[in-house]
There are 2 protein chains.
Amino acid sequence: MRDVAIIGVGMTKWGELWEKSLRSIFVETALLAFDDAGVDQIDSMYVGSMSSGIFVGQEHIASLLADYLGQVPVPSTRVESACTSGGLALRLGFMEVASGMSDVVLVSGVEKMTDCSGSEATYALGTAADQEYEGYHGITFPGLYALIARAHMEKYGTTREQMAMVAVKNHRNGAKNPLAQFQFEITVDSVLNSVMIADPLRILDCSPISDGAAAAIICPVEMARSMNKPIIKIIGTGHATDRIAISTRKDITWLEATYQAAKQAYAMADKKPEDINIFEVHDCFTIAEICVMEALGIVEKGKGGDAVEQGLTSLEGKIPVNPSGGLKSKGHPVGATGVAQVVEIVKQLRGEAGERQIKDARVAMAQNMGGSGGSTVVHIFERE
Amino acid sequence: MRDVAIIGVGMTKWGELWEKSLRSIFVETALLAFDDAGVDQIDSMYVGSMSSGIFVGQEHIASLLADYLGQVPVPSTRVESACTSGGLALRLGFMEVASGMSDVVLVSGVEKMTDCSGSEATYALGTAADQEYEGYHGITFPGLYALIARAHMEKYGTTREQMAMVAVKNHRNGAKNPLAQFQFEITVDSVLNSVMIADPLRILDCSPISDGAAAAIICPVEMARSMNKPIIKIIGTGHATDRIAISTRKDITWLEATYQAAKQAYAMADKKPEDINIFEVHDCFTIAEICVMEALGIVEKGKGGDAVEQGLTSLEGKIPVNPSGGLKSKGHPVGATGVAQVVEIVKQLRGEAGERQIKDARVAMAQNMGGSGGSTVVHIFERE
């Protein structure tokens, strides 16, 4: 298999983009990646999108978006694995380039979530859970993560304040990200006094409903070299599943798919958690970031809350997590999130992350998760 | 890249399976493929499904189905490209095995279409068209293909009777297929007198709404040899897109994505149309089979109708098309169709196709198409 590099990334400001359609958001974003890479043609493309069918009544977006991007007749593939659709697009694009089947591949993600009502969006997001055994009995996604939060508090003594600190940190980072949906800081008090969604989770524990896209152009390392591009390699990839319904798991505080996917990626990259300078992880809810850190081996089991409280995961900390602002502050157009993590990592590894730049960053990890952890994709990147 | 073989296939009877859920249909089918291949574990899986979100309110089926198949934590990927989702699952599985990333991969497709009303199903299928420029203006899929049929009749003199003969032939074949949804013959008269759907297409020109799944197990050829399996190789793959809205195409009677995908597959396999003994193609409507034959180069442009009328494409003809009964008689659970074509081809190439067996078949092609031709996947197979 060939080594693969990322030669261009693109992202526009995320938010409630009432005036734009799915196709316009996507095309605008993909063209930024084309410009950044210095290419105007691709051999193949992947689009991650969770539920364009329910959100905007449009399936077959692989064909639609290849068309609107002016790339017909290139092969175009949509992948879906709930909120990890974007990470999966990167993994398959990597496989296609590494195998030698294609050279220049666009990997992207997009979701347009605000064209339907809040209750329709809640229904659409619920289709990532086991509908027959979870959804139809009335539980929503905040409800599932609230159960996980309660169990984590009970088992490990994680506090309500520690969860709030995840949101506070991510908003502090996101306030420095001009593409983030929410570019303002919040306090622990404001989290603790915000509207209750599913006890103990309040609205400021939850990532928002967002519109947005993200894109990256990948190619063989040798081609990137010949184009005089900074060499940012994909050195590890992992993908795993877990039981979908949380009632069927042995321990709901443990994200086994994240553990398994990370294990594969660490082995392929020949890296350990302490070799990683930056983590972009899936903080769909504050408790999720805590559980993910434990499953990735960044901290010991049960110690995620403490690490946040001690400031270890802040921009200045030993193990910066979510310098982009994470899903909480940057926004969470579900299919796009996994690719936006890559956009942030590429900017960081190139030294182009402005006020939120992590000094001397060379190795980074992206962890992108579907549903309540039923699927996870992990990638490791290295700047030569 | 490594050579890839198909070592097992599975399919249950298709139809209106009221008493079964998406997950039960899928698991039953996948286990048949496991049994046929003689494996009980896989390294990875792909599921093609067009719109499980709209049809049954369930996205994230890659995770759900890995779980219900007892294969957690294997990587599991859902791909979607409307009605070519199944073909795409095969293509990505092929890429994963060929690249060396995995050895034993399940490729599958599933759709449960009868849990919603007819108008909801029509809406769901319409999401394969350009919703903003086609769907919202009132056109449905039969309407799009009716426009194509009228143009083909006008341009090439294709007759109403010739289109009916496609359905008659496919029902004749399907009557010999114990897994087909409609196992009975029809006549040209019954097609011409059936209910009008979108002039000139009548209900017997249209493939049905179906529930069903199909599955195949693939692995490197060397592994298949060591297992003493009949060697059925995937020797060519092609994938292409076309403008999604038919109003934007130069000639609506010409399926450019099918032409492009076939060109890639022929080149990779080093075969010409006349080398192929069996074609399984995407006859979502009778006119579609005629246009597909022309784009694949089986017959000259405009001669598809004549070829059917002359009996060239019947089981006993020179170029048998859709021995399985095609989408028209076998059924069309959209995401499963592309994989069911492979099931038929493997049975034919093994000599296990019973009453519909094509003698001495050694090379076969599957052509699977999304929407009104906005995306197409083509594969060529050879029995050693």
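# Exercises on a two-chain model

A:Asp270 sits in the loop between helix H10 (256-269) and strand E9 (278-280) of chain A; helices (H or I, at least four residues) and strands (E, at least two) are DSSP runs, numbered from the N terminus. This is a predicted model, so local features need pLDDT of at least 70 and side-chain atom pairs count only at pLDDT 80 or more, while totals for chains, interfaces and linings use all residues. Residues are numbered from 1 along each chain as its sequence is written, and chains are lettered from A and ligands numbered from 1 in the order in which they are written.

**Exercise 1.** Work out whether A:Asp270 is buried or exposed, and describe its phi.

*Solution.*
- Start with the rule: a residue is buried if 20 or more other C-beta atoms (placed from the backbone) lie within 10 Å of its own, exposed if 12 or fewer, and partly exposed in between.
- Now count: A:Asp270 has 10 C-beta neighbours inside 10 Å, so it's exposed.
- Then look at the backbone: phi of A:Asp270 is positive, about 55 degrees, although this residue is not a glycine.

**Exercise 2.** Do the same for B:Asn322: find its loop, its phi and whether it is buried or exposed.

*Solution.*
- First the place: B:Asn322 lies in the loop between helix H12 (304-309) and helix H13 (326-330) of chain B.
- Next the backbone: its phi is positive too, near 60 degrees, and B:Asn322 is a residue other than glycine.
- Last the count: there are 28 C-beta neighbours inside 10 Å, so B:Asn322 is buried.

**Exercise 3.** Place B:Thr248 in chain B and say how exposed it is.

*Solution.*
- Go to the loop between strand E8 (232-241) and helix H10 (256-269) of chain B, and you'll find B:Thr248.
- With 13 other C-beta atoms within 10 Å, B:Thr248 is partly exposed.
- For a distance, try B:Ile139: it is 109 residues away from B:Thr248 along the chain, and their C-alpha atoms are separated by 15 Å.

**Exercise 4.** Find the cis peptide bond at A:Pro200 and the one at B:Pro200.

*Solution.*
- In chain A, the bond from A:Asp199 to A:Pro200 is cis, with omega near 10 degrees.
- A:Pro200 belongs to the loop between strand E5 (196-198) and strand E6 (201-202) of chain A.
- In chain B, B:Asp199 and B:Pro200 are joined by a cis bond with omega of about 15 degrees.
- B:Pro200 is in the loop between strand E5 (196-198) and strand E6 (201-202) of chain B.

**Exercise 5.** Describe how H7(B) and H11(B) cross, and what kinds of residues meet there.

*Solution.*
- The axes of helix H7 (residues 160-174) and helix H11 (residues 286-295) of chain B come within 8 Å and cross at roughly 95 degrees. Axes are lines fitted to C-alpha atoms, for helices over the stretch in contact, and angles run from 0 to 180 degrees between N-to-C directions.
- So H7(B) is roughly perpendicular to H11(B) (under 35 degrees is roughly parallel, over 145 roughly antiparallel, 65 to 115 roughly perpendicular, the rest oblique).
- From H7(B), B:Met163, B:Ala164, B:Val166 and B:Ala167 meet B:Thr286, B:Ile287, B:Glu289 and B:Ile290 of H11(B) (contact means C-beta atoms, placed from the backbone, within 7 Å).
- Sorted by class, these residues are six nonpolar, one polar and one charged (Ala, Val, Leu, Ile, Met, Phe, Trp, Tyr, Cys and Pro are nonpolar, Asp, Glu, Lys and Arg charged, and the others, Gly among them, polar).

**Exercise 6.** Find out how enclosed H3(B) is.

*Solution.*
- Eight of the eight residues of H3(B) are buried, so the rest of the structure largely encloses this helix.
- Among them are B:Ile61, B:Leu64, B:Asp67 and B:Tyr68.
- After H3(B) comes B:Gly70, with a positive phi near 70 degrees.

**Exercise 7.** Describe where chain B touches chain A.

*Solution.*
- 52 residues of chain B are in contact with 52 residues of chain A.
- On the chain B side, elements giving two or more residues include helix H2 (52-56), helix H3 (61-68) and strand E3 (76-80).
- H4(B) supplies the largest share of this side, six residues.
- By class, this side of chain B has 21 nonpolar, 21 polar and 10 charged residues.

**Exercise 8.** Split chain A into its domains and describe their contact.

*Solution.*
- Domain 1 is 4-117 + 210-226, and domain 2 is 130-207 + 236-383; the bounds come from an automatic or database domain assignment.
- Their centres, taken over C-alpha atoms, are 23 Å apart.
- 35 residues of domain 1 of chain A are in contact with 30 residues of domain 2 of chain A.
- H4(A) gives the most to the domain 1 side, with eight residues.

Methods
Two residues are in contact if their C-beta atoms, placed from the backbone, lie within 7 Å.
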